[in-house]
Amino acid sequence: MTDKVQSKLYFQGQQIIALEGKTSKEYELLMRRDIDGVARFPYQEFITTMTDHDQHKQYVTELAVILPKVLSHNPNYTFSFNLDYQELFYEETFTLFEQIDPALRSRLKLELTERLPLNRTNAYDEFLPKVQLERLSALGYQLVLDDFLAGVN
């Protein structure tokens, strides 16, 4: 399963298999770019996009097109979407997830990555930004911690 984005970035769906050995209808959306004929994670581009606010705004504009398509074209599947911790401090992230049809939101899990943000506004002693996480949860999204400083989901 592959869906293209305007910037020639695309998502590959990697099936998530339950520990009990049962097959699931859940996929993690993996960001990829064709580099020399090989689908690769564009690491440096990703880092720049997460830390340069203007580039992040463009990225979110592209996601606003592709995420609803992925959900509506695959009605029998649930997807896990990696969300960089830094994105919780950009308002356009919330605008994106508010724009997704509420009927589709239950099939999109937001998976926080383990990379700590460079710029944040929450209290120093607050490990996770509670207000931002509650805001996403109130929109109807399930939140998942991905390898969050422990190496396990």
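## The E3–E4 hairpin

In this predicted model, strand E3 (residues 26-35) and strand E4 (residues 38-40) pair antiparallel through 3 bridges. One of the pairings puts Ile-35 opposite Val-38, its bridge partner in E4.

The two strands make a hairpin, with 2 residues between them. Take a look at Asp-36 in that turn: its phi is positive, at about 55°.

## Other partners of E3

E4 isn't the end of the story for E3. Strand E2 (residues 9-15) runs antiparallel to E3, and 7 bridges join the two. If you want a spot to click on, Gln-12 has Leu-30 of E3 as its bridge partner.

Then there's strand E5 (residues 78-83), which pairs with E3 in the parallel sense over 4 bridges. Here Glu-28 is matched with Ser-80 in E5.

How covered is strand E3? Mostly: 7 of its 10 residues are buried. As a reminder while you look at the side chains, in a regular strand they alternate between the two faces of the sheet.

## Helix H1 and its buried face

Which residues of helix H1 (residues 43-51) are buried? Phe-46, Ile-47, Thr-49 and Met-50 are. Looking down the axis of H1, you'd find these buried residues within an arc of 165°, so they line one face of the helix.

As for what sits over them, the cover on the buried residues of H1 includes strand E3 and helix H2.

## H2 alongside H3

Helix H2 (residues 53-73) also has helix H3 (residues 91-99) to deal with. Their axes come within 10 Å and cross at roughly 5°. Because angles under 35 degrees count as roughly parallel, H2 is roughly parallel to H3.

Who does the touching? From H2, it's His-53, His-56, Lys-57, Val-60, Leu-63, Ala-64 and Leu-67. They meet Glu-92, Thr-93, Leu-96, Phe-97 and Gln-99 of H3. Sorted by class, the contact between H2 and H3 has 6 nonpolar residues, 4 polar and 2 charged.

## The whole chain

Stepping back, the protein has 5 helices and 7 strands. Reading from the N terminus, the elements go β-β-β-β-α-α-β-α-α-β-α-β.

Of the protein's 153 residues, 41% count as buried. And if you take the contacts between residues at least 6 apart in sequence, 65% of them join residues at least 24 apart.

Technical notes
Residues are numbered from 1 along each chain as its sequence is written. This is a predicted model: local features need pLDDT of at least 70, side-chain atom pairs count only at pLDDT 80 or more; totals for chains, interfaces and linings use all residues. Side-chain values use heavy atoms; hydrogens and water are left out. Buried means under 20% relative accessible area, exposed over 50%, partly exposed in between (1.4 Å probe, protein chains only). Two strands pair if DSSP finds at least two bridges between them. Axes are lines fitted to C-alpha atoms, for helices over the stretch in contact, and angles run from 0 to 180 degrees between N-to-C directions. Angles under 35 degrees count as roughly parallel, over 145 as roughly antiparallel, 65 to 115 as roughly perpendicular and the rest as oblique. Contact means heavy atoms within 4.5 Å. Ala, Val, Leu, Ile, Met, Phe, Trp, Tyr, Cys and Pro count as nonpolar, Asp, Glu, Lys and Arg as charged, and the others, Gly among them, as polar. The arc is that of the directions from the helix axis to the C-beta atoms.
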